Amino acid sequence: MVTIMSPKTMTSRERGLAVFNGELPDRAPVCDFGNAAMLSFTGHNMKECRANPEFVASIMKDWVKATGEDFFFGPMETKGIFMDLPGIDIKLPDNDQGSLKGAYFQSIDDAVDRFLYDPFDAKACPNFHKYVVDIFKAQRKACPDVMMPVWCEGVMTTTGFLFGMENLVMGLLMQPDEIGKVIDRGQKFSRDIVSAELEEVDADYVVYTDPVSSADMIDENMFKTFNRDRLHANISHWEKEYGVGTMLHICGDTTPMLPDFVMTGAKAMSLDHKVDLKKAKECFGKKMAVMGNIDPVAIMLSNDVNKVIETAEKCFADAGQDGGYIMGPGCASPINTPVENIQAIVEVSKKHPY
């Protein structure tokens, strides 16, 4: 049952938490995770942001003020969670996230026993703290009234980075009885990464991004067998131990997986533009909120703001009229996204108060 909140205008943080708690906010909150768009808007690049929390915080403040959104995810080097692994080789381009040049685990047997650092021990993982934790702490301090997360790649994606994406997919196909040992390491590592962040950051929620679980890479049976319950275990752990809910994001056409998404325990599901938003809303009901799902390239990069408004109106009509909805693109808004397009989504939300 939806609890009706006071009709007063909420802060962004209040609005977002209301949706996560199954309550009806004053209007639908807006999120675009536009860390790349944020950089192009402010005229900076990833190189300037790496291990520079004060600088990132200043960019975040400008973006919060310019867009009027509610949920944010700043320019943080996501490969910082792997930098403390011995012998790992990471490429760090000036204007994009880093990329791993090779796998850390060389075999299934290697994955069972090979060292992974303890994220709770700052001395064991100085890069994780410098590139990730300190950034989140600075963002939270700079922007106290908006929804601020902590983050990690999801179970399958963390495993894919550690083991190699091709090795993981081949293991799912050819060694299904053995590959779970590798996925277990990815599950625990990602759980501890987020938990260590939550020990230090006053976060409102967890962003758990798992693009390797896309139906473009694995099918619904693989998701159910290898990932759904592992996601649920981690998400439940953070809610029980730290009192925070999770927003799960998985790219691609995940329509066959919609019923299983509900069973992950996530508070909100961020969906790619390939998914029918109305169908997702019908499937989720009141069990979890839905986010999205404007095409981040064809629509958000467009110079036609009316196209953005038209699409946002349709998304709201399909999923937002009864609450439980977060407006935004189906994935992070790309570099050079016009800020006017993001502002337009906020204005659509304001036109439809609850």
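**A pocket and a pair of helices**

Let's start with an open space: the largest pocket holds about 750 Å³. Keep in mind as you look around that this is a predicted model. The pocket is lined by 32 residues, and those closest to its centre are Asn35, Thr78, Gln97, Cys331 and Ala332. Try finding these five in the structure, and you will have a good starting point for the rest of the tour.

Which elements give two or more residues to this lining? They are helix H2 (35-42), strand S5 (149-153), helix H7 (155-163) and strand S6 (205-209). Among these, H2 gives the most, with 3 residues. As for chemical character, the lining of the largest pocket divides into 18 nonpolar, 10 polar and 4 charged residues.

Now let's turn to two helices that pack against each other. Helix H4 covers residues 53-67 and helix H6 covers residues 126-142; their axes lie 8 Å apart and meet at an angle of about 40°. Why is H4 called oblique to H6? An angle of about 40° is neither under 35 degrees, which would count as roughly parallel, nor within the 65 to 115 range for roughly perpendicular, so the pair is oblique. The crossing of H4 past H6 is right-handed.

Where do the two helices touch? On the H4 side, look for Pro53, Val56, Ala57, Met60 and Lys61. Their partners in H6 are Asp134, Ile135, Ala138, Gln139 and Ala142. Sorted by character, the residues of this contact comprise 7 nonpolar, 1 polar and 2 charged.

How values were computed. Residues numbered from 1 in each chain as written. Predicted model: local features only at pLDDT ≥ 70, side-chain atom pairs only at ≥ 80, totals over all residues. Heavy atoms only, no water. Axes fitted to C-alpha atoms, helices over the stretch in contact; angles between N-to-C directions. Helix = DSSP H or I, 4+ residues; strand = E, 2+ residues; numbered from the N terminus. Left-handed = near helix turned anticlockwise from the far one by under 90°. Contact = heavy atoms within 4.5 Å. Nonpolar A, V, L, I, M, F, W, Y, C, P; charged D, E, K, R; others polar. 1 Å grid on protein atoms, 1.4 Å probe; cavity = no way out; pocket = protein on both sides within 12 Å on 5 of 7 lines; lining within 4 Å. Points joined across faces, edges and corners; volume = space filled by probe spheres on them.
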